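This briefing sets out selected features of the structure shown below, grouped by topic for use at the bench.

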Amino acid sequence: MILGLLLFTAVLLFIVLSGYKAYRYARMPLHGRMELYPVPAEKGRHQYGGSYMEEPEWWRKPRQTSKTSELIEMLKEMLFIKKLFQHQRSLWWISYAFHLGIYFMIAWTLLLLAGALTDLAGISVSAHASLWTGLLYYLTIFTGVVGFIITTAGAALLLLRRVADPVLKKYTTPQEYFNLLLLLAVLLSGIIVWSPDLTFEASRQLTAGVLLLDVTANTALTIHLLLLAVMFIYIPLSKMGHYVGKYFSFHKVLWENEPNVPGSLMESRVKSSLSSHISNGGKAADR
Amino acid sequence: MMQGKDLRPRDLGRPDEQLIQLDHIMPLHSPYDQPGMEPDLQSVKPEWREKYCMSLDGCAAIDTFPRPANEQEEKEWIEKFLKGLEKAVSESNGGVLQPLQLSMEYCAKCNTCSDACHIYKASGDNELYRPIFRSDVFRKIYNKYFHRGSKLYQKFTGADIDVNWETIARLGELSYRCNLCRRCAQTCPLGLDNSLFAKEIRKIFSQEMGIAPTALHEKGTMLQLKTGSSTGIGKAAFLDMVEFLEEDIEDRIGRSVKIPIDKEGADILLIHNAGEFVAWPENPAAFAILLDEAGVDWTLSSEVMGYDSVNYGIWYDDTQAKRIAQQQMDAARKLGVKRIVIGECGHAHKAAGITADRYSWGDDKIPVESFIPIMWDLVRSKRLQFDPQKNNFPVTLHDPCNMVRQMGIVQPQREILKVIAPQFREMTPHGTDNYCCGGGSGFAIINGPNFAQFRNKVSARMKFDQILNAFSDTITESLVPKYVCAPCSNCKGTIRGILEHYQATERFNVQYGGLVELMVNALTSIDKPYLEFLNE
């Protein structure tokens, strides 16, 4: 019961704290324009880094933007970490393994959830009962095995690189080592607990137990679940919560090139920002 | 003195006479790969050490920060700095808070940004210039003084730095070892921006401590607010210069061109970097020739703050930036023009077109645009006729960061060059990936006791190497003129400096200038070459 509640609370806190972080960033004052080109929403110009300002009297012409282009670029960043791939390939292999592994782990968790609900509905998840249970059965195995392997290998290699590379080592704080060690602890304890049964039937049963708030756990499982709960609560409080930050740094800073033209939404934001703006410093103004 | 590779952010306050030595700078390509092709670094004079903070790398950009006479003074400087730091990361710094906070919080220290930085690479990968070095010092100081928690927690978060006068003075200097070109931000997998830290340190120094390089503040912003121009040109002198330009145009091309001044209700108010009138009058003259020939309805303004587009405030002080931008806008409004067009000045493009875009709204605002799309419009509509054979020599294009990476004006200037310059070739890399000239964010005009040396040998080194590569097919053929087209005053000033420093004009006939001069040189309506080096 307690473990089940703890996991529920941890996941809830993960969502609430991530949301709060996003809320805090969203509530910050309107900042000055800081776009950097290429800006993907620039229709027809994005490929070479152009903007609407290439047009004479651009403010008289309708803005040509493409949400699809922005979405594609966003997906390239989210799914493939494009910038790291382009600019630091050696680190990308490790980082990508780790991040792809996380996506697999998320998929595995969702499949466990679907399997647990299927079980609770009285349909046993097995290889051959039906297409649905067969899919759940095999996909859970695939995502779980691949997820655990590449996430753990990625996290371990990221840690190793940080220790072995003199430049990274110089800039890494104890907290940043802690972040990787915490993830590794969760992953390794998970491997210890779940690896004896690679069909993940026990994991599915546990998920069903969590849903019913009825979890029985041995010492190893208890340690794993406690670490998992700590990780869920800690991630949004640390820089590992960069899934929030990255949205703002790309969409609200680097790719935000909305001009302040009469009648626009930006104009009303500027208007309200200027009326509430607190001036910074100003000692230099008259010196 | 430390070996660059051993240097750590927490060492910034060490009592060494000088933290690092610039002794392994990046080698240049042929023909500058031979010994004796460039002057050596000059040693630091003892009197400079008394007067300036030379203890970072033996160069000084800030010439107004006195060494404290006693402990009390040192304490006061530290307090002012910390107060400014606290403000920088607060709501009162709303214009930058969100991007700054993101960069404070989420840097993964993956070090992807280092290879993007021309200063770091040109220094021979010296640790001091690594983009995250400066940011990490900033973060450590902030975490140490403004994050609640025990000493153990501070150690956990890496807040392991001691703050003394040396730390602050060196950090101030270090903020002037970044051109604010934002090339590093373009490569960051998390979309973060190390240049923000450099800019914020400069702001703390100016806005809280009253310290800024003389060239930027006293002889820049203050002079501009007082006389109308950072060159010190007042209204009367400006009008004389315009008269001189008209005579000069007649001498050069045998045609009388009337330069419109203070024409109320004109379509275009053209604002130049006033430095052009002093250093490169052929540039505003070329604008006048082109606009006159195309029959454009335009004017210059003689109103104080209406004839100099510069705004140094965007490099070091938001308060000053806003004052200047608003007064420039006022001057345009008085004239009742329909739009403001910025001439060949990159930072003025950004200041008026981007930074000031959110300074005002409604009727207070007159639309601002770059001269480049207008020129391309005149070319493609054939309102100007060219004979490209007049420019039949190698031409390469420098992309000013402010216009290109930070405004997305990439293609029109290339389209113009394709029409007027048959031997046009790109630099590598170019467009939004191009390297800064090395003079960005004030470097072009800061000289300090020996800052020109840092500019020529380090910050502009990558640009010089790019120029050598772009002309590698003819670089040793001194009879072939080679033209670096740099449509920005600061970039032009920097390129002038490196061509002199490396004697590249004298030895290899590498010339430089703007875009409009090259356009005028190719006009079919003009018989004589407009570019002076073609007459020599």
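P31(B) is found in the segment of chain B that precedes helix α1 (46–51), and the peptide bond that leads into P31(B) from S30(B) is cis, with omega near 0°. The model is a predicted one, and the values that follow are computed from it. The points below turn from backbone geometry to the two chains as wholes, and then to aromatic side chains and selected residues.

**Backbone geometry**

- Chain A also offers a cis peptide bond, running from Y37(A) to P38(A) with omega near 5°.
- P38(A) belongs to the loop that connects α1 with α2 (67–80) in chain A.
- D125(B) is not a glycine, yet its phi is positive, at about 60°.
- The loop between α4 (118–122) and α5 (131–146) of chain B holds D125(B), a residue that is partly exposed with a relative accessible area of 36%.
- L180(B), likewise a residue other than glycine, has a positive phi near 55°.
- L180(B) sits in the loop between α7 (165–174) and α8 (183–187) of chain B; its relative accessibility is 12%, so it counts as buried, the cut-off being under 20%.

**Chain A as a whole**

- Chain A contains 11 helices and 0 strands, so its elements, read from the N terminus, form an unbroken run of α.
- The radius of gyration of chain A is 24 Å, whereas a compact globule of 287 residues would have one near 19 Å.
- Along the principal axes, the C-alpha atoms of chain A fill a box of roughly 70 × 45 × 40 Å.
- Of the 287 residues of chain A, 47% are buried.
- The accessible surface of chain A is about 14300 Å², and carbon and sulfur atoms account for 71% of that area.
- When contacts in chain A between residues at least 6 apart in sequence are considered, 68% of them join residues at least 24 apart.
- Chain A carries 26 positive and 18 negative charges, whose mean positions are 6 Å apart.

**Chain B as a whole**

- Chain B has both kinds of element, with 23 helices and 8 strands.
- The radius of gyration of chain B is 24 Å, which agrees with the value near 24 Å for a compact globule of 536 residues.
- The C-alpha trace of chain B spans about 75 × 60 × 45 Å along its principal axes.
- Buried residues account for 67% of the 536 residues in chain B.
- Chain B exposes about 18300 Å², and 48% of this area comes from carbon and sulfur atoms.
- Of the contacts in chain B between residues at least 6 apart in sequence, 79% link residues at least 24 apart.
- The 62 positive and 72 negative side chains of chain B form two sets with centres 5 Å apart.

**Aromatic side chains**

- Over all chains, the count of aromatic pairs comes to 41.
- In one of these pairs, the ring centres of Y25(A) and Y106(B) are 6.2 Å apart and the planes meet at 40°, so the pair is tilted.
- This pair joins two chains, because Y25(A) lies in helix α1 (residues 2–26) of chain A and Y106(B) in helix α3 (residues 94–106) of chain B.
- Both Y25(A) and Y106(B) are buried.
- Y137(A) and Y138(A) make an edge-to-face pair, with 5.1 Å from centre to centre and 90° between the planes.
- Y137(A) counts as buried at 17% relative accessibility, while Y138(A) is partly exposed with a relative accessible area of 46%.
- One aromatic cluster is formed by F80(A), F85(A), W92(A), W93(A) and Y96(A).

**Selected residues**

- S238(A) is located in the loop between α9 (219–234) and α10 (242–254) of chain A, and counts as buried at 3% relative accessibility.
- Leaving aside residues up to four places away in sequence, S238(A) touches N179(A) and Y106(B).
- From C-alpha to C-alpha, S238(A) and Q175(A) are 9.0 Å apart in space, with their positions 63 residues apart in sequence.
- D330(B) is placed in helix α15 (residues 318–335) of chain B and counts as partly exposed at 34% relative accessibility.
- D330(B) and F205(B) are 125 residues apart in sequence, and their C-alpha atoms are 29 Å apart in space.

Note on methods. Residues are numbered from 1 along each chain as its sequence is written. Chains are lettered from A and ligands numbered from 1 in the order in which they are written. This is a predicted model: local features need pLDDT of at least 70, side-chain atom pairs count only at pLDDT 80 or more; totals for chains, interfaces and linings use all residues. Side-chain values use heavy atoms; hydrogens and water are left out. Helices (H or I, at least four residues) and strands (E, at least two) are DSSP runs, numbered from the N terminus. The radius of gyration is taken over C-alpha atoms; the globule rule is 2.2 Å times the number of residues to the power 0.38. Buried means under 20% relative accessible area, exposed over 50%, partly exposed in between (1.4 Å probe, protein chains only). Contact means heavy atoms within 4.5 Å. Accessible areas come from the Shrake-Rupley method with a 1.4 Å probe; for residues, only the protein chains shown count as cover. Lys and Arg count as positive and Asp and Glu as negative; His and the chain ends are not counted. The place of a charge is taken as NZ of Lys, CZ of Arg, CG of Asp or CD of Glu. Rings of Phe, Tyr and Trp (its six-membered ring) pair if their centres lie within 6.5 Å; planes under 30 degrees apart count as stacked, over 60 as edge-to-face and the rest as tilted.
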